[in-house]
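Please examine the sequence and the three-dimensional structure shown below before reading on. The explanation that follows is best read with both in view.

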Amino acid sequence: EGQVRKYPKESQTKNSLVSRGSCEAIMLRSPASALGAAQAQSSQATPTGMRSVPARSAQSLLPASFSATSATARVNPARQRSGTSRDVRSNAHTWVPENLEKSLVSVEDAHKDSCGVGFVGELNKVPTRKCITDSLTMLNRMEHRGACGCETNTGDGAGILVAMPDSFLHSVLSEEQGIQLPAFGDYAVGQIYLPREEGLRNKSRSIIDRVVADMGHDAIAWRVVPTNNRSLGPSALSTEPVIEQLFLTSHGVKLKNLQTEAQLYVLRKVIERELKAAGIDDDECYFCSLSSKTIVYKGQLTPQQVKVYFKDLQREDFRSYMALVHSRFSTNTFPSWNRAQPMRMLGHNGEI
């Protein structure tokens, strides 16, 4: 953070860049004289507010096999403001083959070379059905971003993260179990993959209930998430978990000094530790989410299968003011139910 890096003379902009990990874009705001800092060996100018660190030579920053031309920075003219700011994009953290046309990299397909991720939000924060339907439509249109195995009906993973559908959950729990949930914010929901084997599933529930009580929360109810797996391929079916929701009070007694989401984070980590101590790992019992604000519906699915598989998403009273959707292209890890996205707090479109 904040380190001024000088790039080779072949760079088009010859500007000092601020290293921000493997970032894609940086907005530099500095006097025009500072933008030419890389040309002057003695200059230590940095963008306003940045910490000044002595610049090192380009050779000390790049691997020996790195091509000088691959460090070329690109300036977006539409975002450029003469003399004051520039949108600088650099692939200096990505090794690019010198003979790109002879490599396995397809430049023509670069626009669809990683997972698909999208977001829909209502600016007024009023939950709507349209937010859900639009996000699922968006997800279906990102099928080219995801992947499937040798079975076209077994996907690498897809899902949706939504703000807590409060009115829906109140209705469905009242209909199915005659239970009245607390007010929004006073309860949390854990979306959990449980083992298929009944004995191990009961053991997992027992451990979870015990830790919930130990941490000062009250378990309200367990609910089986209704699903339709007829469209799933053999590989996804063979590892399909039992998906259940745990309703509990969001405020615990033991960690009452922490904010609600922090309490739930600690609770989940303690549960995971106890499960592992009992020989139950993430492949058998996995929390897709545990929150008072959001809930995640995901699985080893194709984008089109998400709405079909999760019957909750088909109900007109299932509404939200925001939705994050994800279509996964598995690269260096095999597809699985728990590796599907969105994850508990984010979705991303690349793997390291």
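The paragraphs below describe two sheets, the helices that pack on them, a pair of helices and a pair of aromatic rings.

The model is predicted. A general point is useful at the outset: the strands of a sheet are paired through hydrogen bonds of the backbone, and this pairing may be parallel or antiparallel.

One sheet is open and consists of 4 strands in the order 9-10-8-11, paired in the antiparallel sense. Its edges are formed by strand 9 (219–224) and strand 11 (286–291), each of which pairs on one side only. From one strand to the next, the twist has an average of 15°. Within this sheet, strand 8 (residues 187–194) is joined to strand 10 (residues 242–249) by 8 bridges, and the two strands are antiparallel. To locate this pairing in the structure, the reader may begin at Tyr187, whose bridge partner in strand 10 is Thr249.

Two helices are in contact with these strands. Helix 5 packs on the sheet and touches strand 8, strand 9, strand 10 and strand 11, and its direction makes about 15° with that of strand 10. Helix 4 (residues 166–177), by contrast, lies across strand 8, strand 9 and strand 10, and runs at about 85° to strand 9.

Helix 5 also has a helical neighbour. Helix 5 (residues 198–214) packs against helix 7 (residues 260–277) at an angle of about 135°, and the two axes are 10 Å apart. Because of this angle, helix 5 is oblique to helix 7. The crossing of helix 5 and helix 7 is right-handed. Which residues meet where helix 5 and helix 7 are in contact? On the side of helix 5 they are Ser204, Ile207, Ile208, Arg210, Val211 and Val212, and on the side of helix 7 they are Leu267, Val270, Ile271, Glu274 and Leu275. Sorted by class, this contact comprises 8 nonpolar, 1 polar and 2 charged residues.

The other sheet is also an open one of 4 strands, here in the order 6-13-7-12, and its pairing is antiparallel. Strand 6 (116–121) and strand 12 (294–299) stand at the edges; each has a single partner strand, and therefore one side of each is left without a neighbour in the sheet. Direction ignored, neighbouring strands of this sheet are turned by 10° against each other on average. Strand 7 (residues 158–163) pairs with strand 12 over 6 bridges in the antiparallel sense. In this pairing, Ala158 has Gly299 of strand 12 as its bridge partner. Helix 3 (residues 129–140) packs on this sheet, where it touches strand 6, strand 7 and strand 13, and its direction makes about 15° with that of strand 13.

Finally, the structure contains 5 aromatic pairs. One of them is formed by Phe168 and Phe318, which are edge-to-face, with 5.1 Å from centre to centre and 65° between the planes. This pair links distant parts of the chain, 150 residues apart: Phe168 belongs to helix 4, and Phe318 to the loop between helix 8 (303–309) and strand 13 (322–327).

Notes:
Residues numbered from 1 in each chain as written. Predicted model: local features only at pLDDT ≥ 70, side-chain atom pairs only at ≥ 80, totals over all residues. Heavy atoms only, no water. Axes fitted to C-alpha atoms, helices over the stretch in contact; angles between N-to-C directions. Parallel < 35°, antiparallel > 145°, perpendicular 65-115°, else oblique. Left-handed = near helix turned anticlockwise from the far one by under 90°. Contact = heavy atoms within 4.5 Å. Nonpolar A, V, L, I, M, F, W, Y, C, P; charged D, E, K, R; others polar. Pairing = 2+ DSSP bridges. Phe/Tyr/Trp six-rings, centres within 6.5 Å; stacked < 30°, edge-to-face > 60°.
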